[in-house]
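The following note sets out several points for a colleague who is beginning to study this structure. Please read each point with the sequence and the model at hand.

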Amino acid sequence: MSCSRRDLLKKAMCGAVAASLPLTMFRFLSPAQAQAAVAGSGKVRWGFLVDTRKCVGCGFCVKACKMENEVPYDAPVTRTWVERYVVTRDGKTHIDSPLGGRDGFVSQKVGEETIPPEEITKAFFVPKLCNQCDNPACVQVCPVGATFQTNDGVVLIDRTWCIGCGYCIMACPYGVRFFHPIYKVAEKCTFCYHRISKGMVTACVQACPFGARRIGNLKDPNDPVTRAIMTERVAVLKDEYGTKPQVFYIGLDSNVR
Amino acid sequence: MTHELFVHGAEWTVKEFFVYPNEFIYWSIQIVLYPYMTGLVAGAFVLSSLYHVFGQQDIKDMARFSLVFSLALLPVATMPLLMHLQQPLRAGNPLFTPHFTSAIAAFGIVFSTYALIVMSEIWFVYRKYFVEQIEALKGKGAVAGAKRALYRVLAMGALDVSDEAVAKDKKAVKILAGIGIPVACFLHGYAGFIFGSVKANALWMSPLMPVIFIMSAVVSGIALCMLTYIVIMEWSKLRHKGEAAEIGGAEIDLITKTSRYLLGFLIAAITLEILDLIFRGYTAMKSWDILRSVMYGKDFVNIFVLQYGCGNLVPFILLLMPRLTIRRAVVALVLVLFGVFMMRWNVVIGGQAFSLSFAGYMHYHLPVIPHNVETFKEGLGGALLVGITPFVLFWGINKVLPSLKTS
């Protein structure tokens, strides 16, 4: 009797262990698949170029993005935003981005302060969006693999699988992620993946009246964006985090956070 | 749009100066409670193992109690996570598709391993008791019959209570408790790694974080068990007052001895925390300006007065002063528990008190009166629920597994 119970327990244990192993562990990838998963398909790598000298802070990009990507218009969260930097004679930097710059910068007030124009030494706008990093911290920390990098470099989120823990939001050094107010899952800029994968440009690029935003294929040396990145002096945001951001800026100032 | 617009975090976050638009205090009170509760579970288990592995006879009653109490605390360690998840129904996903580059992915695995160890250890401890109950409750009416049926199920057919079989039980308990200690430490050091590995957060990112978390977990666990031990012993002393065999209440010898372990771990925890602080100040990286303004300015009371002062220094002196009394020990232990809670608070909330832009601050306002599910879950109500549940669970479990009987 005791012997058969022992057998039963043994088999139950084996069964439990076997049942708890994820089936994906047993999936073998062909070398081609593994190559594709690691290095991408090789033809396309989406990149973004922001010319801060052309941005006037009209906020059309933010409006267009909210409409296109169904981010509630009045919610204080946004996939892309524009920051205003005002540097004064005393060396201080004043920064603001009311409603993400959605309605433009129509007030002289920066944050709570009104700065007399004669005190200003320089002022400029900086559009921000997801950097679609080559080494994305958000993808690394997702416990369920709901956020992933596509072969062409864009980081996406599976809304049906995200558990809403917020670890990716914490891990992103650029603060581009947030919880979608309606879907209740992590949300971020996707470079309008539904548009670019059909040959269109992103909503913000299309909406920008001054050509301050451009998107291109970094693997195509004849792409105007790639050419600009290769030939002009560009910088990226917060490279000290080792995330290898792929949004490049022309005219970036050391005051930009 | 007909939906109520609820931006997670916006309810309890107040921004000051320049903060990125999407930044809010996303991890709030429940994430403060998560490492706190995990720490208590781990600490309670470690204390019970002192008896089972190292044979500290004088804490036999406390060992049995802290083991059952750690079982009651176990589900509560996952409660804050469930309350915090935006999609709690998908809580099983990390087990279906674990993404092992994430520090959270293995939580379910580590946690269930630990839960299995605790449960099987309790089964071995109580198996003899189950069998005795099956015998004792025979033919005593419907209620007793139902209880007997429960014990029959719990005994899983292992009804042999010969000396040999009981000796085997004891050996199994010893082995399980031995394995349990490193697993308990791992479970908690792992919680520290979840924070310490976030490179985007200037306050959290530190290789010392897991070690600091383990040390403070053991401190809080020992403190809680000592406190409950004192309460229970004093309570039974009150209850049995005037009876022939008077019970002596909590023994000051034992309290003094255990408080030495507590002090040791406390010193280790504080040393590491101070080292971390000094290192940050000395190296003065880019983030130091804002960190300093948070630590020495905005959060000064929380960090230096409440955590280090009331939570560490005062109990340290109270426990070190000669001729320790039970009353003084109780005050010190309550303060120690409070200090560890404040440490979790200052890490989790303090880590989000400044913007990633290093140019602004965020202030956290705990929602007290809830006006929807979200503000209940991530507010005072949810926190109290998590705080009360272990005691309710313990009351229920204790009906089946009496752990308070003094031998």
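**Cysteines without bonds**

1. The sulfur of C130(A) lies 5.4 Å from the closest cysteine sulfur, which belongs to C189(A), and this is too far for a bond. A disulfide requires the two sulfur atoms to be within 2.5 Å. C130(A) is itself buried, with a relative accessible area of 6%. The reader should keep in mind that this is a predicted model.

2. Over all chains, the structure holds zero disulfides. C55(A) fits this count, as C55(A) takes part in no disulfide and its nearest cysteine sulfur, that of C61(A), is 6.4 Å away. C55(A) counts as buried, because its relative accessibility is 15% and the limit for a buried residue is under 20%.

3. A further cysteine deserves attention for its backbone. Phi of C192(A) is near 50°, which is a positive value in a residue other than glycine. C192(A) is placed in the loop between β10 (186–187) and α6 (193–196) of chain A. With a relative accessibility of 6%, C192(A) counts as buried.

**Salt bridges**

4. Side chains of opposite charge can pair when their charged atoms come close. How many salt bridges are there over all chains? The count comes to 17 salt bridges. Several of them, in chain A, are taken up in the points below.

5. D134(A) and R45(A) meet through their side chains in a salt bridge, with 2.8 Å from N to O. D134(A) is in the loop between β6 (120–128) and α4 (137–141) of chain A, and R45(A) is in the loop between α2 (31–39) and β1 (46–51) of chain A, so the pair ties together parts that are 89 residues apart in sequence. As for cover, D134(A) is partly exposed, with a relative accessible area of 40%, whereas R45(A) counts as buried at 8% relative accessibility.

6. D96(A) forms a salt bridge with R84(A), and their closest N and O atoms are 3.0 Å apart. Because D96(A) lies in strand β3 (residues 93–96) of chain A and R84(A) in strand β2 (residues 81–88) of chain A, the pair ties together parts that are twelve residues apart in sequence. Are these residues buried or exposed? Both D96(A) and R84(A) are buried.

7. In the salt bridge between D253(A) and K122(A), the closest N and O atoms are 2.6 Å apart. D253(A) is in the segment after β13 (247–250) of chain A and K122(A) is in strand β6 of chain A, so parts that are 131 residues apart in sequence are tied together by the pair. D253(A) counts as buried at 17% relative accessibility, while K122(A) counts as partly exposed at 34%.

8. Salt bridges also link residues into a network, and the members here are D51(A), R53(A) and K54(A).

**Surface patches**

9. Which residues gather in a patch of positive charge on the surface? They are R6(A), K10(A), K168(B) and K171(B). The elements that give two or more residues to this positive patch are α1 (2–20) of chain A and α6 (163–196) of chain B. Within the patch, R6(A) has its place in helix α1 of chain A, and R6(A) counts as exposed at 56% relative accessibility.

10. Chain B also carries a nonpolar surface patch of about 570 Å², made by V368(B), I369(B), L380(B), L384(B), I388(B) and V392(B). One of these residues, V368(B), lies in the loop between β2 and α12 of chain B.

**Two loops of chain B**

11. L366(B) is found in the loop between β2 (360–364) and α12 (373–377) of chain B. L366(B) is partly exposed, with a relative accessible area of 28%. From C-alpha to C-alpha, L366(B) and L380(B) are 6.7 Å apart in space, and 14 residues separate them in sequence.

12. A284(B) is in the loop between α8 (252–283) and α9 (288–298) of chain B. Phi of A284(B) is near 40°, a positive value in a residue other than glycine. A284(B) is partly exposed, with a relative accessible area of 40%.

Methods:
Residues are numbered from 1 along each chain as its sequence is written. Chains are lettered from A and ligands numbered from 1 in the order in which they are written. This is a predicted model: local features need pLDDT of at least 70, side-chain atom pairs count only at pLDDT 80 or more; totals for chains, interfaces and linings use all residues. Side-chain values use heavy atoms; hydrogens and water are left out. Patches are made of residues with over 30% relative accessible area and no salt bridge: like charges are joined within 9 Å, nonpolar side chains (Val, Leu, Ile, Met, Phe, Trp, Tyr) within 5 Å. Accessible areas come from the Shrake-Rupley method with a 1.4 Å probe; for residues, only the protein chains shown count as cover. A salt bridge is a side-chain nitrogen of Lys or Arg within 4 Å of a carboxyl oxygen of Asp or Glu. Lys and Arg count as positive and Asp and Glu as negative; His and the chain ends are not counted. The place of a charge is taken as NZ of Lys, CZ of Arg, CG of Asp or CD of Glu. Helices (H or I, at least four residues) and strands (E, at least two) are DSSP runs, numbered from the N terminus. Buried means under 20% relative accessible area, exposed over 50%, partly exposed in between (1.4 Å probe, protein chains only).
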